[in-house]
Amino acid sequence: MTRVHEAGAAGPDAAPTLLVKIFGRDRPGLTAGLLRTLAGFGVDLVDLEQVVTRGRITLCALVTSPAKATGSEGELRATVHTWAETVGLQAEIISGTGDNPARGVGRSHVTVLGSPLTAEATAAIAARITAAGGNIDRINRLAKYPVTAVEFDVSGVPTEPLRTELATEAAARSVDVAVVASGLQRRAPRLVVMDVDSTLIQDEVIELFAAHAGCEEQVAAVTAAAMRGELDFEESLHARVALLAGLDASVVDKVRAEVRLTPGARTLIRTLKRLGCRVGVVSGGFTQVTDALRDHLGLDFAAANTLEIVDGRLTGRVTGPIVDRPAKARLLRGFAASAGVPLSRTVAIGDGANDLDMLNAAGLGVAFNAKPMVREAAHTAVSVPFLDTVLYLLGITREEVEAADAQG
């Protein structure tokens, strides 16, 4: 809830105010009932906050002192307590002056994800915010399943230093934390660009091809080393593709049928599109698969390498420019320019070393179940196997997603 101070007005306004708080079991009509009770004393409403947790309501109304013609403060107190007792609630009324002080400069949204989200980890994040000079102004739950996600509205510290502070704490506490700047830009349509293998889909496409060529283990070992950043991506790509030489082109349809979307992928894309966002993929994999995903999921952009096929068989080569680590960042910028979206409103999601340039170029880079070096370098990390948790980092709640799906 919003900070409410018993004394200390914001700016020159130091008029007397009353903080009226009621709490107890929730039921319909309580907010209207309290406000009708206060209306009898001619007060003006300064602030109003309500939260319901496990069926228990806490309702706070900050009002001006009663007009002399309508009764005294003592009469207001007695009337509110009497009304509260009749509806089975408790009431507390605190005298003071003014409203909340203005929020500090430097405002951010801090999203904390956990499965489960422990009190210990959350306490450590909150303490680190305070140590960095920030103040938690409001807390809101975004989701309760398949992960628990809460959002802190923080002021008093710039976003980038806060992000650095909390990234260290998040790693130590094995919890996911995202820090994004507050402001109107958060509500504007975005461009979201994803890696494909082990991000949008659960598979490594080249390994699916290799399984049909009988060299899956050999290819998987090279892929893993490349994603960890231990091998040059282009060199490793050519070495792996060479092992596919001679495969019948019909294997492409078989591989497409074997691809498994990551849990939450459809929900993420569907919700982003409803918000007017543009969505694309960039992949070190192959257009023979990514183009099919683009068409099936209604994506706006797609780029990948292309397997060369001659006389109905794979040649063991790729054609055209290689989509590697630098290329992914270039493609992100190109997609953003085509969509008319500034880089500050782009989101990149990936898991491997070849995604790092793209993650760093985006306004928000998300390491999704990523290799350690990627997790450490990205703006934020998600370590649960549900791609739609990225929505929470953008301030979208599970209830809003479900409501939109129900209407759809």
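**Surface, burial and a three-strand pairing**

Colleague: How much accessible surface does the protein chain have, and what share of it belongs to carbon and sulfur atoms?

Modeller: This is a predicted model. The accessible surface of the protein chain comes to about 18200 Å². Of that surface, the share belonging to carbon and sulfur atoms is 52%.

Colleague: What percentage of the residues in the protein chain is buried?

Modeller: A residue is taken as buried when its relative accessible area is under 20%. The protein chain has 408 residues, and the buried ones make up 48%.

Colleague: How far apart are the mean positions of the positive and negative charges?

Modeller: The protein chain carries 41 positive and 48 negative charges. The mean positions of these two sets are apart by 4 Å.

Colleague: Which strand pairs with both β1 and β2?

Modeller: Strand β1 covers residues 16–25 and has an antiparallel partner in residues 56–64, with nine bridges between them. Strand β2, residues 45–53, also pairs in the antiparallel sense over eight bridges. The partner in both cases is β3.

Colleague: Which residue in β3 is the bridge partner of L19 and also stands opposite D47?

Modeller: L19 has its bridge partner in β3. D47 stands opposite a residue of β3 as well. Both descriptions lead to L62.

Colleague: Which residue takes a positive phi in the hairpin of β2 and β3?

Modeller: Two residues lie between the strands of this hairpin. The positive phi there is near 50°, and the residue that takes it is R54.

Technical notes
Residues numbered from 1 in each chain as written. Predicted model: local features only at pLDDT ≥ 70, side-chain atom pairs only at ≥ 80, totals over all residues. Heavy atoms only, no water. Pairing = 2+ DSSP bridges. Helix = DSSP H or I, 4+ residues; strand = E, 2+ residues; numbered from the N terminus. Buried < 20%, exposed > 50% of the residue type's maximum accessible area, 1.4 Å probe, protein only. Areas by Shrake-Rupley, 256 points an atom, 1.4 Å probe, with all protein chains shown as cover. Lys, Arg positive; Asp, Glu negative; His and termini not counted. Charge placed at Lys NZ, Arg CZ, Asp CG, Glu CD.
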